[in-house]
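Student: I have a chain and a ligand on screen. Where do I begin reading?
Tutor: Load the view, and we will take the features in turn.

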Amino acid sequence: MPHDRLVAMTGVRGVLRSLAGRRDAAVLERPTQAARREPLALPGRASERRAWADAASGARRPSVALHGVSKTYGNGKRALVDVDLLVPEGDFVFLVGPSGAGKSTLIKLLVRDELPTSGSVFIAGQDLARLKRRHVPRLRRQIGIVFQDFKLLPARTVRENVAFALEVTGTPGRQIRPRVDRLLALVGLSDQASQRPAQLSGGEQQRTAIARAMVHDPRVVIADEPTGNLDPLISWEIIQLLLRINEMGTTVLMATHNAEVVTALRKRVIALEEGRIVRDEVGGYHRDY
Ligand SMILES: Nc1ncnc2c1ncn2[C@@H]1O[C@H](COP(=O)(O)OP(=O)(O)OP(=O)(O)O)[C@@H](O)[C@H]1O
Ligand SMILES: [Mg+2]
C-alpha cells in the first residue's frame with residue numbers, strides 16, 4: 001500500500017475500509033497451506049493432549065498454547081500464576097493489563113527468553129521446554145518479534161537492517177534483495193530503503209522492525225507494546241500494518257496499553273492482573289491501565 005494512503009487512514013473506519021478486499025493483495029510469497037503444515041507434535045501430558053484436541057476440533061490448530069504456566073523470578077517475584085491460554089492459528093489477540101501484570105513475562109516465555117517455573121509452553125506444536133538450545137534460533141525464525149524500542153542496528157540502513165536477518169541465516173544473496181524489496185513495499189518504506197534509523201520517524205523505525213520481523217515468513221508475530229513510543233496517529237498506522245499481516249494468515253499477539261485501539265477493533269482481549277488471566281473476551285478494554 002502506498003505510504004501516503006497509510007498515512008491518510010488513521011481512523012477506525014479507515015482501518016476497516018482498507019481491509020476490505022485485502023486477501024488478494026499479499027505482497028509476500030507465502031507457501032501454500034499444505035506446505036506450511038508440519039506434522040503435529042502432540043504434547044505428552046493427557047491434559048495437554050486434550051487441550052490440543054479441543055482446539056483441533058475447532059478446525060484451527062493452536063498457534064500458541066500455555067498450560068498451567070507459572071513464572072517466579074529469582075528474586076521471588078511471581079510474575080505469572082497458573083496461566084492457561086490457547087491462541088488458534090490466524091487469530092489477532094490483544095494482551096492488556098496494568099504495569100507489572102506479567103505481559104512481557106508471558107512474551108519472554110513465548111520467545112524462550114525465559115523458561116516457566118512450572119507448566120508448559122507450545123508454539124506451533126513445539127514444546128519449548130523440550131527444545132534443544134541449538135534449535136532456539138530456528139524457533140525464533142518462526143516467530144516475528146516486535147519491541148516498543150524497535151531494536152534496529154543504528155549503523156545500517158533500512159534495507160540492511162531487514163537483509164541482515166536473512167544474511168545471518170545463510171539465505172543466498174540473490175534471494176535477499178527481492179525479498180527485502182517486497183517486505184519494504186509491504187510496510188510502505190521502499191523510498192526510505194537507504195536511510196539509517198536516526199534519519200527515520202518513530203513510525204518508520206517501527207515499520208522497519210516489522211519488515212525485519214517478517215523476513216522468515218513467521219507463523220506468529222509477537223509484539224510487546226509496539227506503539228508504546230508512538231503518537232496516536234502513527235500508532236494507528238502500525239496497528240493497521242499488523243492487521244494486514246494478520247489478514248495474510250499470520251497469528252498476531254500484541255501486548256498494549258493503547259485502550260483506544262483495543263476498544264475500537266473488537267478483537268479478542270486477554271487481560272492479565274497480578275500474573276493471572278482475569279478476562280478473556282472479544283472487544284473492550286474496560287479499565288484504565
Ligand atoms: N528479570 C526479572 N527479575 C525479577 N522480576 C522481574 C523480572 N522481569 C519482570 N519482573 C517482575 O515481574 C512482574 C511482571 O513484569 P512484566 O515486565 O511481565 O510486566 P508487564 O505487564 O509487561 O508491565 P509493563 O506494562 O510495565 O510493561 C513485575 O512485578 C516485574 O517487576
Ligand atoms: Mg511489559
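What follows is a walk from the overall fold to single residues.

Student: What kind of model is this?
Tutor: This is a predicted model.

Student: How many helices and strands does the protein chain have?
Tutor: Start with the inventory. The protein chain has eleven helices and ten strands. Then look at burial: of its 289 residues, 37% count as buried.

Student: What share of the contacts comes from residues 24 or more positions apart?
Tutor: Take the contacts in the protein chain with a separation of 6 or more. Residues 24 or more positions apart account for 69% of them.

Student: Now the sheets. How do I read the one that holds E1?
Tutor: Read the strand order, then the pairing, then the edges. Here four strands form an open sheet, ordered E2-E1-E4-E5, and the pairing is antiparallel. Its edge strands are E2 (78–88) and E5 (126–127), each pairing on one side only.

Student: How many bridges join E1 to E2?
Tutor: Seven bridges join strand E1 (residues 62–72) to E2, and the two run antiparallel. For one register point, take alanine 65: its bridge partner in E2 is leucine 86.

Student: And which order do the strands of the six-stranded sheet take?
Tutor: That open sheet has the order E6-E7-E8-E3-E9-E10, with mixed pairing. Strand E6 (143–147) and strand E10 (276–282) are the edges; each pairs on one side only. Ignoring direction, neighbouring strands of this sheet are turned by 15° against each other on average.

Student: Which bridges hold its E10 end?
Tutor: Six bridges join strand E9 (residues 268–273) to E10, and these strands run antiparallel. Leucine 272 stands opposite isoleucine 277 in E10.

Student: Which strands does H5 lie across?
Tutor: For packing, list the strands a helix crosses, then read an angle. H5 lies across strand E3 (92–96), strand E7 (220–224), strand E8 (251–255) and E9. It runs at about 145° to E7. H9 lies across E6 and E7, at about 165° to E6.

Student: Which helix gives the largest share of the shell around ligand 1?
Tutor: Helix H5 (residues 103–110) does, with three residues. Around ligand 1 you will find Tyr73, Asn75, Lys77, Ala79, Gly97, Ser99, Gly100, Ala101, Gly102, Lys103, Ser104 and Thr105. Next, sort the shell by class: three residues are nonpolar, seven polar and two charged.

Student: How do I check a helix, say H10, against its expected span?
Tutor: Compare the expected span with the distance between the end C-alpha atoms. The 16 residues of helix H10 (residues 232–247) should span 22 Å at 1.5 Å a residue. The end C-alpha atoms of H10 are 22 Å apart, so the two agree.

Student: Which residues of H10 are buried?
Tutor: Ser235, Trp236, Glu237, Ile238, Ile239, Gln240, Leu241, Leu242, Arg244 and Ile245 are buried. Look past the end of the helix too. Just after H10, glycine 249 takes a positive phi of about 115°.

Student: Last, a loop residue. Where is leucine 200 found?
Tutor: Leucine 200 is found in the loop between helix H8 (173–186) and helix H9 (202–213).

Student: Why does leucine 200 count as partly exposed?
Tutor: Count its neighbours. Leucine 200 has 18 C-beta neighbours inside 10 Å. Buried needs 20 or more, and exposed needs 12 or fewer. Therefore leucine 200 counts as partly exposed.

Student: What does leucine 200 touch?
Tutor: Leave out residues up to four places away in sequence. Leucine 200 then touches Gln192, Gln195, Gln205 and Thr208. For a link across the sequence, take valine 158: it is 42 residues from leucine 200 in sequence and 9.1 Å away in space, C-alpha to C-alpha.

Methods
Residues are numbered from 1 along each chain as its sequence is written. Chains are lettered from A and ligands numbered from 1 in the order in which they are written. This is a predicted model: local features need pLDDT of at least 70, side-chain atom pairs count only at pLDDT 80 or more; totals for chains, interfaces and linings use all residues. The expected span of a helix is 1.5 Å times one less than its number of residues. A residue is near a molecule or strand if its C-beta atom, placed from the backbone, lies within 6 Å of it. Ala, Val, Leu, Ile, Met, Phe, Trp, Tyr, Cys and Pro count as nonpolar, Asp, Glu, Lys and Arg as charged, and the others, Gly among them, as polar. Two strands pair if DSSP finds at least two bridges between them. Two residues are in contact if their C-beta atoms, placed from the backbone, lie within 7 Å. Axes are lines fitted to C-alpha atoms, for helices over the stretch in contact, and angles run from 0 to 180 degrees between N-to-C directions.
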